[in-house]
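Q: Please pick one part of this model and look at it closely. I would like a description of a single residue, then of its surroundings and the elements around it.

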Amino acid sequence: MTVYSWLVRLSSARRRCAAPRRSDRAAGRRAILAEPLKLHEFQAKQVLARAGIPIPLGRVASTAGEVDAAVRALGSGPWVVKAQVHVGGRGKAGGIKLAKTPEEAQAHAESILGMDIKGLRVEKVYVERAATIAKELYLGITLDRDRRRPVVMLSTVGGMDIEEVAVTAPDRIARGWPSPLLGLLPFEARALCFDAGVPERQRDAVGEIAQKLYRSYESTDATLLEINPLFIQEDGSVMAGDAKLDVDDNALYRQPELASWREVAPDDAMEEKAREQGFSYVHLEGDVGIIGNGAGLVMGTLDAVRNAGGRAANFLDVGGGAKEEVVRAALEIVLANPRVRSVFINIFGGITRGDEVAKGILSVLDQAKPRVPLVIRLAGTEAEAGRQLLEGAPLVSRATMDEAAAEAVRLARESRA
Ligand code: GDP
Ligand code: MN
């Protein structure tokens with residue numbers, strides 16, 4: 001290894017540890033609630049293919065007609081039709097079906113598209129030429145927070161939930177912790193194959209795939225990159241049967257392509273709109289809409305609503321120093337959620353000014369009477385000026401967070417009845 005390539009590795013390893021860019025304000029604030037970007041199997045497999053890992057020939061489709069075109073383009077069957085949803089266990093849920101004829105593939109597509117798998121609607125299927133499976137392995141990489149480096153896991157008990165294997169037969173999973181500076185070295189990959197009991201004939205192929213997978217894990221800023229199952233086919237060849245890739249969302253600014261693969265589900269549309277406005281919005285399951293300034297205060301607000309016997313419809317942090325327009329946009333986003341039955345605005349002004357918040361609320365109220373009651377607790381900078389502006393406006397003001405939470409929960413319950 002040359003000195004130059006050492007330096008390149010060193011700098012890329014340092015980059016991986018770097019904090020999110022200061023300038024990326026919205027992303028930085030989102031980090032508090034960070035959730036990795038989950039990619040679909042067909043997207044993850046594209047990443048594997050680029051790394052030189054063998055995958056079955058496949059095509060994505062969102063109608064039965066496209067499935068028909070796909071099987072004809074893929075060539076001789078049988079084929080598998082696979083639901084593309086962000087959960088595992090699709091096989092058991094009926095989301096993966098084998099087809100011997102194009103007609104059968106189309107019929108499977110009709111039954112799988114629109115299917116509900118663990119609460120998620122199937123919008124797309126992936127059609128692949130079926131593998132001839134002799135054995136299923138597991139190969140995965142994730143971050144080991146205790147050891148502060150990635151862990152590569154390999155097991156000959158593949159195909160099923162690795163979490164289950166980890167509990168019932170932990171010694172059946174071989175693990176290795178490569179140096180982040182050097183990556184997974186050939187001897188380490190071979191050691192993993194020996195430890196896991198990979199058949200001799202496949203050791204080279206599996207070891208090479210592990211190294212390629214490691215490089216992909218690094219270059220995609222993954223928090224998880226997993227092949228389960230890794231097929232050993234009847235002819236002895238090795239191929240990725242399934243793929244799962246979660247990308248660290250703090251790194252998305254330097255993974256523009258992967259970021260562009262993000263799908264906006266209806267519930268996420270509002271999160272997307274909020275992101276454009278520069279504040280954090282997370283959709284929750286309850287009916288009390290929440291707006292606050294500062295992530296800590298908003299989390300405290302969620303707790304206060306919970307303690308008052310209610311459930312929050314969202315997390316929304318307008319951030320510090322929010323101006324009238326930002327407050328207006330926040331209120332519009334919260335009110336756009338049909339589940340919301342009351343809104344609790346909790347502001348503790350530091351840099352945020354109470355009068356600016358009041359103006360934002362008034363500009364929404366001026367346009368139309370909100371369809372649900374609003375409750376506000378305004379404290380801190382310019383709170384008195386804000387309260388004066390809001391005098392006579394159709395909303396309820398309370399002095400403390402707990403009182404306001406109780407009122408918002410009561411009003412939500414009332415409007416439900
Ligand atoms: P998951 O259940 O969501 O993890 O989906 P997988 O892609 O891992 O598939 C689950 C199972 O379906 C695999 O373990 C295989 O047993 C089976 N399967 C998937 N692809 C094929 C294939 O091409 N041929 C055959 N015969 N079985 C497959
Ligand atoms: Mn799987």
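**Tyr 126 and its surroundings**

A: Tyr 126 counts as buried, because its relative accessibility is 6%; buried means under 20% relative accessible area, exposed over 50% and partly exposed in between, with a 1.4 Å probe and protein chains only. This is a predicted model, in which local features need pLDDT of at least 70 and side-chain atom pairs count only at pLDDT 80 or more, while totals for chains, interfaces and linings use all residues. Residues are numbered from 1 along each chain as its sequence is written, chains are lettered from A and ligands numbered from 1 in the order in which they are written, and side-chain values use heavy atoms, with hydrogens and water left out.

The ring of Tyr 126 is a suitable starting point. A search of the whole structure finds 2 aromatic pairs. In one of them, the ring centres of Phe 42 and Tyr 126 lie 6.2 Å apart with the planes at 35°, so this pair is tilted. The pair joins helix α3, which holds Phe 42, to strand β7 (residues 125-129), which holds Tyr 126, and therefore ties together parts that are 84 residues apart in sequence. Helices (H or I, at least four residues) and strands (E, at least two) are DSSP runs, numbered from the N terminus. Phe 42 is also buried, since its relative accessibility is 14%. The other pair is again tilted, because the rings of Tyr 214 and Tyr 217 have centres 6.2 Å apart and planes at 40°. Rings of Phe, Tyr and Trp (its six-membered ring) pair if their centres lie within 6.5 Å; planes under 30 degrees apart count as stacked, over 60 as edge-to-face and the rest as tilted. Tyr 214 and Tyr 217 are 3 residues apart in helix α8, so about one helical turn separates them. Tyr 214 counts as buried at 2% relative accessibility, and Tyr 217 at 1%.

Back to the backbone side of Tyr 126. The strand β7 is part of an open sheet of 4 strands, ordered β2-β7-β3-β4, with antiparallel pairing. The edges of this sheet are β2 (58-61) and β4 (96-99), each of which pairs on one side only. Neighbouring strands of the sheet are turned by 20° against each other on average, direction ignored. Two strands pair if DSSP finds at least two bridges between them. Angles are taken between axes, which are lines fitted to C-alpha atoms (for helices over the stretch in contact), and run from 0 to 180 degrees between N-to-C directions.

On one side, β7 pairs with β3 in the antiparallel sense over 5 bridges, and Tyr 126 is the bridge partner of Lys 82 in β7. Lys 82 also has a bridge partner in β4, namely Ile 96; β3 and β4 run antiparallel and are joined by 4 bridges. On the other side, β7 is joined to β2 by 4 bridges, and the two strands run antiparallel. Here Val 127 in β7 is the bridge partner of Arg 59.

The strand β3 that carries Lys 82 is mostly covered, with 5 of its 5 residues buried. Trp 79, Val 81 and Ala 83 are buried on one side of β3, and Val 80 and Lys 82 on the other, so both faces are covered. In a regular strand the side chains alternate between the two faces of the sheet.

Two helices lie against these strands. Helix α3, home of Phe 42, lies across β2, β3 (79-83) and β7, and runs at about 50° to β7. Helix α4 (residues 64-74) lies across β2, β3 and β7 as well, at about 20° to β7. Contact here means heavy atoms within 4.5 Å.

The helix α3 also leads to the nonpolar interior. The largest nonpolar core has 37 residues, and Leu 139 and Ile 227 have the most contacts inside it. The elements that give two or more residues to this core include α3 (41-50) and α8 (203-219). The most comes from α8, with 6 residues. A nonpolar core is a set of buried Ala, Val, Leu, Ile, Met, Phe, Trp, Tyr and Cys residues joined through side-chain atoms within 4.5 Å.
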